[in-house]
Amino acid sequence: MNLPAAEFARRRRQLMRQIGGRGIAILPAAPVRLRNRDADYRYRQDSDFLYLTGFAEPEAVAVLIPGRPQGEYILFCRERDPAQETWHGRRAGQAGAVECYGADDSFPIADIDDILPGLLENRDRVFYSMGRDAVFDRQLMDWINRLRAQSRSGRQPPHEFVSLDYLLHEMRLFKSAAELKLMRRAAEIAIEGHRRMMGMCRPGLHEYEIEAEFIYTARRHRAELAYQSIVGGGENGCILHYVDNDAPLRDGDLLLIDAGAEYAGYASDITRTFPVNGRFSPAQRELYELVLEAQRAAIKKTRPGNHWNDPHAAAVRVLTRGLVELGLLKGQAAKLIREGAYQRFYMHRTGHWLGLDVHDVGEYKVDGQWRLLEPGMALTVEPGLYISPARDVPKRFHNIGIRIEDDVLITAKGCEVLTEAMPKAVDEIEALVGSLAPAATAAPARRRA
């Protein structure tokens, strides 16, 4: 992970101060996920684990023990094994865990059953995210019960479990300068990928051919996909989480693309909608400019001191008024908003937190109230409209799905749109779509004599 060791050490110290001297925090690494038969998915570390350790290997457990004289940060991980590393790749081992990842001490993961119960002993509270890993939940309870069974011998197990999520996720909600540097890079890569997709688009191609341009761009920059890309042409743009990405792109349709890059663990998340042939029809343009106006109104409300729902409320006001003017809704805008009538065409909220996870962690309400936006928080702003065919909907609006999404950082004076460089005005989009030459077909290799 491209962050200095001091950044991880600072995070661990901050968490241990909150845990207190009688607590212990335990975090298991993400398990390896089976894709099919004996083939695994590409491994991706648990974001909480990554946030505190920077350690990207599976089969590891991080333990934080504030005030422990022999060392407060212990990392259980795989031992070095030349044979296994020949087959599956390099391992840090115990020496690497200490030298490269800042652990005070490290033990083989195979020894955890013998060592961890002793670390739990005489601690009052266990900070742990119960329910996320059933196998590790059982393992942890086995260790606790083993101590309980020996209580008459003087061994004292912890007597309280505390959810680690709240403390850790509040920390993750506020991005440091080092994190923002990585998020800006993730945004730059995603922008390049979206520009490439727009430039390569033309009628007759398939959704997957456009998707491939984003994958190519991300991997060229040592990035991953932050999530499964949505590349939906025509009516597929009205399916919010469409991921089939296999239909042909038709002249006259819009193409909605929701795709983000993950760089050094941090996600970007951009959505753009544009005409496959490079020119908006009058109906497409009317709806597109309405969504764009809603997004600009929402971004104006994305500033410190406003609460989480203010950008959404601003987008809903603009969209509802516009839908009335276009004849898609009938009645007074204020009443339609109170009744939620707009949800027929706009059925999701206007954003989510962004960070190590594309739908990042952090509470949206505090004590039952929408939380205030504060500097260092990062979120998306993404209003949309999705018009499926219906008798009371003019035919010219049928099968138009539009979403415009940018990544926004709350700053001391307002906000910074991290993805500002990605075009979204109508004239910018029309100039960009189809502007790149089609990819050259590779010539067949010359057969050797």
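**Salt bridges, buried residues and surface charge in a predicted model**

In the predicted model described here, Glu170 has a relative accessibility of 18% and counts as buried. This value falls below the 20% under which a residue is classed as buried. The partner of Glu170 in a salt bridge is Arg371, and the closest N and O atoms of the two residues are 2.8 Å apart. Because Glu170 belongs to helix H7 (residues 164-173) and Arg371 to the loop between strand E16 (369-370) and strand E17 (378-381), the pair ties together parts that are 201 residues apart in sequence. Arg371 is likewise classed as buried, its relative accessible area being 8%. Both ends of this salt bridge are therefore buried, Glu170 at 18% and Arg371 at 8%.

The protein chain that contains this pair comprises 449 residues, of which 52% count as buried. Its secondary structure amounts to 13 helices and 21 strands. The C-alpha trace spans about 80 × 75 × 40 Å along its principal axes.

In total, the structure holds 31 salt bridges. One of them is formed between the side chains of Arg11 and Glu179, with an N to O distance of 3.4 Å. Arg11 is located in helix H1 (residues 5-19) and Glu179 in helix H8, so this pair ties together parts that are 168 residues apart in sequence. Arg11 is buried, with a relative accessible area of 0%, and Glu179 also counts as buried, at 1% relative accessibility.

A salt bridge within a single helix is provided by Glu339 and Lys335, for which the closest N and O atoms are 2.6 Å apart. The two residues are four positions apart in helix H12 (residues 333-339), and are therefore separated by about one helical turn. In this pair, Glu339 is exposed, with a relative accessible area of 51%, whereas Lys335 is partly exposed, at 41%. The value for Glu339 lies over the 50% that is required for a residue to be called exposed. Salt bridges also link a set of residues into a network, which consists of Asp46, Asp48, Arg132, Asp165, Arg172, Lys175, Asp357 and Asp360.

Polar contacts were examined for Asp258, a residue of strand E11 (residues 254-259). With a relative accessibility of 7%, Asp258 counts as buried. Its side chain makes a polar contact with the side chain of Tyr227 at 2.5 Å. A further polar contact, at 3.0 Å, joins the side chain of Asp258 to that of Arg403.

Helix H8 (residues 177-200) includes Met200, which is buried, with a relative accessible area of 6%. Met200 and Leu432 are 232 residues apart along the chain, yet their C-alpha atoms are separated by 9.1 Å. Helix H8 thus enters the description twice, because it holds Glu179 of the salt bridge with Arg11 as well as Met200.

With regard to surface charge, a negative patch is formed by Glu79, Asp111, Asp113, Asp114 and Asp142. Of these residues, Glu79 was considered individually; it lies in the loop that runs between strand E5 (73-77) and helix H3 (82-88). Glu79 is partly exposed, with a relative accessible area of 43%. Membership of the patch requires over 30% relative accessible area and no salt bridge, and the value of 43% for Glu79 is consistent with the first of these conditions.

The backbone was also inspected for positive phi angles. Most residues other than glycine have a negative phi. Ala264 departs from this pattern, with a positive phi near 50°. The position of Ala264 is in the loop between strand E12 (261-263) and strand E13 (266-267). Asn399 likewise has a positive phi, near 60°. This residue is placed in the loop that connects strand E18 (384-387) and strand E19 (400-403). Asn399 is partly exposed, with a relative accessible area of 29%. Each of the two positive phi values thus occurs in a loop between strands, that of Ala264 between E12 and E13 and that of Asn399 between E18 and E19.

Note on methods:
Residues numbered from 1 in each chain as written. Predicted model: local features only at pLDDT ≥ 70, side-chain atom pairs only at ≥ 80, totals over all residues. Heavy atoms only, no water. Patch = residues over 30% accessible without salt bridge, like charges linked within 9 Å, V, L, I, M, F, W, Y side chains within 5 Å. Areas by Shrake-Rupley, 256 points an atom, 1.4 Å probe, with all protein chains shown as cover. Salt bridge = Lys/Arg side-chain N within 4 Å of Asp/Glu carboxyl O. Lys, Arg positive; Asp, Glu negative; His and termini not counted. Charge placed at Lys NZ, Arg CZ, Asp CG, Glu CD. Buried < 20%, exposed > 50% of the residue type's maximum accessible area, 1.4 Å probe, protein only. Polar contact = N/O pair within 3.5 Å; in protein donor to acceptor, adjacent residues only side chain to side chain.
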